[in-house]
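Here are two exercises to work through with the model open beside you. Try each task before you read its solution.

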Amino acid sequence: MGGDHGPEVVVAGAALALERRPDTRFILYGEQAAVEPVLERFPQLRAASTFHHCDFSVRMDDKPSQALRQGRYKSSMWRTIDAVKTGEADVAVSAGNTGALMAMAKFCLRTMANIERPAIAAIWPTLKGESIVLDVGATIGADAQQLIDFSMMGGAMARTLFGLERPTVGLLNIGVEEVKGQDEIREAGRLLKETPLPGIDYHGFVEGDDLGQGTVDVVVTEGFTGNIALKTAEGTARQIAAYLRAAMSRTWLARAGYVLAKSAFDRLRDKMDPRKVNGGVFLGLNGIVIKSHGGADAEGIAAALDLAHTMARTGLREKIEADLASYHRRISEEAASVSESIVP
C-alpha cells in the first residue's frame, strides 16, 4: 500500500521479481479493494502469493509515533514485519513511510544484542563495481561505538552480497588525516585501528569523492550525512542524464551521433539507473527489513525484492550476530586481562 503509486507498482514489481526468481513466494498485505483488481492481472504471481486483507494502512505523511500508535498489530505495514518475527516470512519489503517502517520494525523485531541503534545500508554503484554505504537515514548522529557497530554490520553485508572474505571499511570524514573530523569519528577511527574487527579490514578515513571511486567496500557514516550523500548522488545522476538528453537532441548532428553511439549511451544509462540498486536494508534488528524508495517504479520494486531474495538465501542476520558476539567477547577478554594486570 506504500510508496507514491501503491499496489499498481508494488504488485507489478513483485510479478517482475517472480519472473527472475521463480522460487520466490510472496505474502501480500493490504486493502483488498485496492490490491485484488491489480493482482488479478498477474495470474502467475497470484498463484505464488498469499494475500491478507488489512483494514488499516500507514500513510506516507503519517508521523512515526502516530503510525505506531494507530497501526500497531493491524496495519499492512505492521503485519508485514510481524510475519518476519513469527518466521512466516524471511524478509519484509515495503515502499512505505520510512520513519514509520523503522519505528515499527524496532518495536516489533527489537534490536540485536549489543546493538543500540539500527542502520539503513544502501548499495552504491562505483567505478569499480558496487560498495555499501551506511547509515543513510536511520540514526541521526552516532557515537564511536555505534559507528563501530555499523562497520561490523556493513562488513557482514559486503561479505554476503559481494563474496568478499575481508571487505575494506572506511569512515566518511572531511579529510583523510587523523586529526580531522568530529570527536566521535576520530575516536571510532582510533578504536578500529587498535582493535581489529572480525571479518573486515579497516582502511581509515575516506572523503566524499571516494564514494564514487569505490575506494573501500563499505563506507560508514551517521544517518544525517549518509542520507544527504544518497540524495545528492541520486539527484546528480538525474541531472547528468538530463544534460545528456538535452545535448543529444540539440542539433541534427548531435542526434546522428547519438544513433551511432546508442549502445554506449544505453550502457551508461543502465549504469546510472538508480532503480537497479533500489532497496535500503535495515541492519541491527532481529530480522531483515528492506525499504524501497517511495518513488520506485516496477523495475525498482523488483530490484528491492531481488535484494530481499539474496538476503534470505545468504544468512545475513546470522553473520552479523556472529561478528558482534566475537567482537564483544574479545572486548570482554581484553578488559578482564587489563583488570588482572593492575590488581596489586
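Two exercises with worked solutions follow.

This is a predicted model, where local features need pLDDT of at least 70, side-chain atom pairs count only at pLDDT 80 or more, and totals for chains, interfaces and linings use all residues. Residues are numbered from 1 along each chain as its sequence is written, and side-chain values use heavy atoms, leaving out hydrogens and water.

**Exercise 1.** Find which residues of helix 4 are buried, and what covers them.

*Solution.*
- Step 1: take helix 4 as residues 64-71 (helices are DSSP runs of H or I, at least four residues, numbered from the N terminus).
- Step 2: Ala 67, Leu 68 and Gly 71 are buried (under 20% relative accessible area, 1.4 Å probe, protein chains only).
- Step 3: down the axis, these buried residues fall within an arc of 95 degrees, so they line one face of helix 4 (the arc is that of directions from the helix axis to the C-beta atoms).
- Step 4: the cover includes helix 5 (76-85) and helix 6 (98-109).

**Exercise 2.** Describe how domain 1 meets domain 2.

*Solution.*
- Step 1: domain 1 is 1-115 + 284-344 and domain 2 is 118-277, with bounds from an automatic or database domain assignment.
- Step 2: 28 residues from domain 1 and 21 residues from domain 2 make the contact (heavy atoms within 4.5 Å).
- Step 3: the rule finds one salt bridge across the interface (a Lys or Arg side-chain nitrogen within 4 Å of an Asp or Glu carboxyl oxygen).
- Step 4: helix 14 gives the largest share of domain 1's touching side, 11 residues.

Key:
Buried means under 20% relative accessible area, exposed over 50%, partly exposed in between (1.4 Å probe, protein chains only). Helices (H or I, at least four residues) and strands (E, at least two) are DSSP runs, numbered from the N terminus.
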